[in-house]
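Hi,

Here is the structure I said I would pass on. Have a look at it first, and then read my notes underneath.

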Amino acid sequence: MEEEERQKEKKLKELKEKVLNVSKSLTLEQEGIKKDVEGYLYCITNGIYKIYSNDIYKIGNTINITQRIKNYDSKFFEETEVLLKVKVPYKYMFETLLFNKLKKNRIIRRKEFFKDYEKIKEEFEVIEKMT
């Protein structure tokens, strides 16, 4: 059991180093690329999404989670529920990483809607351990 935990920690450390190396190599201030900043990744749901399915979640990034949720609450009649959130040093990079990990769970290409809450939660936990 301890050996298995050491292997998991080793893999997590290697992944974290790879992500940090990628982030260092990106030239974020090139034309057309947003400057990456600290922020939050979040997973939300509300009654509007549940009309289509009980297993639809929106994943996104923001600097101010409270304000972002207020924006959703003013657009929809149903209250928005934050299911998961994690603070990250580079919100665009970590969102891209998360979207790539959840590629098979994406409902519509190029949209921020995903299915399978348990898989989403698992990937948020991985990111949380990395930061």
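Let me begin with aspartate 116, which has a relative accessibility of 32% and so counts as partly exposed, in between the 20% and 50% limits. Before you read too much into any of this, bear in mind that the model is predicted. Aspartate 116 sits in the loop between β4 and α5, and its phi is near 75°, a positive value in a residue other than glycine. Arginine 110 is another non-glycine with a positive phi, about 70° in this case. You will find arginine 110 in the loop between α4 and β4, where it is exposed at 71% relative accessibility.

Now the overall layout. The protein chain has five helices and four strands, and along the sequence they run α-β-α-β-α-β-α-β-α. Of its 131 residues, 31% count as buried. The surface comes to about 9,300 Å², with carbon and sulfur atoms supplying 49% of that. As for contacts between residues at least 6 apart in sequence, 68% of them join residues at least 24 apart.

Next, the inside. Nonpolar side chains tend to be buried together in soluble globular proteins. Here the largest nonpolar core has 18 residues, and those that touch the most other members are Leu41, Ile59, Ile120 and Phe124. At least two residues of this core come from each of β1 (39-45), β2 (57-62), β3 (81-88), α4 and α5 (117-130). There is also a second, separate core of seven residues, with Ile44, Ile56, Ile65 and Tyr72 among them.

Isoleucine 59 deserves a click of its own. Leaving out residues up to four places away in sequence, isoleucine 59 touches Tyr42, Cys43, Glu95, Leu98, Phe99, Leu102, Glu112, Phe114, Ile120 and Phe124.

Two of those contacts, Phe99 and Phe114, bring me to the rings. The structure holds two aromatic pairs. In one, tyrosine 57 and tyrosine 117 have their centres 5.5 Å apart and 45° between their planes, which makes the pair tilted. Why might you care about that pair? Tyrosine 57 is in strand β2 and tyrosine 117 is in helix α5, so the pair ties together parts that are 60 residues apart in sequence. Tyrosine 57 is buried, because its relative accessibility is 10% and the limit for buried is under 20%.

The other pair is phenylalanine 99 with phenylalanine 114: the ring centres are 5.1 Å apart and the planes are at 40°, so this pair is tilted too. It links distant parts of the chain, with phenylalanine 99 in helix α4 and phenylalanine 114 in strand β4, 15 residues apart. Phenylalanine 99 and phenylalanine 114 are both buried.

The loop between α4 (91-101) and β4 (113-114) has some further residues to look at, including lysine 103. Lysine 103 is exposed, as its relative accessibility is 59%. C-alpha to C-alpha, lysine 103 is 8.7 Å from phenylalanine 114, and the two are eleven residues apart in sequence. Is asparagine 105 buried or exposed? Asparagine 105 lies in that loop between α4 and β4, yet it is buried, with a relative accessible area of 10%. Apart from residues up to four places away in sequence, asparagine 105 touches Phe113, Phe114, Lys115, Asp116 and Lys119. That list brings us back to aspartate 116.

Last, the empty space. Rolling a probe the size of a water molecule over the atoms shows where such space is left. One cavity reaches 30 Å³ or more, and the largest cavity has a volume of about 40 Å³. Its lining is made up of Leu15, Leu97, Leu98, Lys101, Glu123, Val126 and Ile127, and the elements giving two or more residues to it are α4 and α5.

The largest pocket holds about 290 Å³. Glu5, Lys8, Glu9, Lys11, Leu12, Leu15, Glu122, Glu125, Val126 and Lys129 line this pocket. Helices α1 (2-25) and α5 each supply at least two of those residues, with α1 giving the most, six. Leu15 and Val126 turn up in the lining of the largest cavity as well as in that of the largest pocket.

Cheers

Terms used
Residues are numbered from 1 along each chain as its sequence is written. This is a predicted model: local features need pLDDT of at least 70, side-chain atom pairs count only at pLDDT 80 or more; totals for chains, interfaces and linings use all residues. Side-chain values use heavy atoms; hydrogens and water are left out. Buried means under 20% relative accessible area, exposed over 50%, partly exposed in between (1.4 Å probe, protein chains only). Contact means heavy atoms within 4.5 Å. Accessible areas come from the Shrake-Rupley method with a 1.4 Å probe; for residues, only the protein chains shown count as cover. A nonpolar core is a set of buried Ala, Val, Leu, Ile, Met, Phe, Trp, Tyr and Cys residues joined through side-chain atoms within 4.5 Å. Rings of Phe, Tyr and Trp (its six-membered ring) pair if their centres lie within 6.5 Å; planes under 30 degrees apart count as stacked, over 60 as edge-to-face and the rest as tilted. On a 1 Å grid over the protein atoms alone, a cavity is a set of points where a 1.4 Å probe fits but cannot get out, and a pocket is an open set with protein on both sides within 12 Å along at least five of seven lines; lining residues have an atom within 4 Å of a point. Grid points are joined across faces, edges and corners, and a volume is the space filled by probe spheres set on the points.
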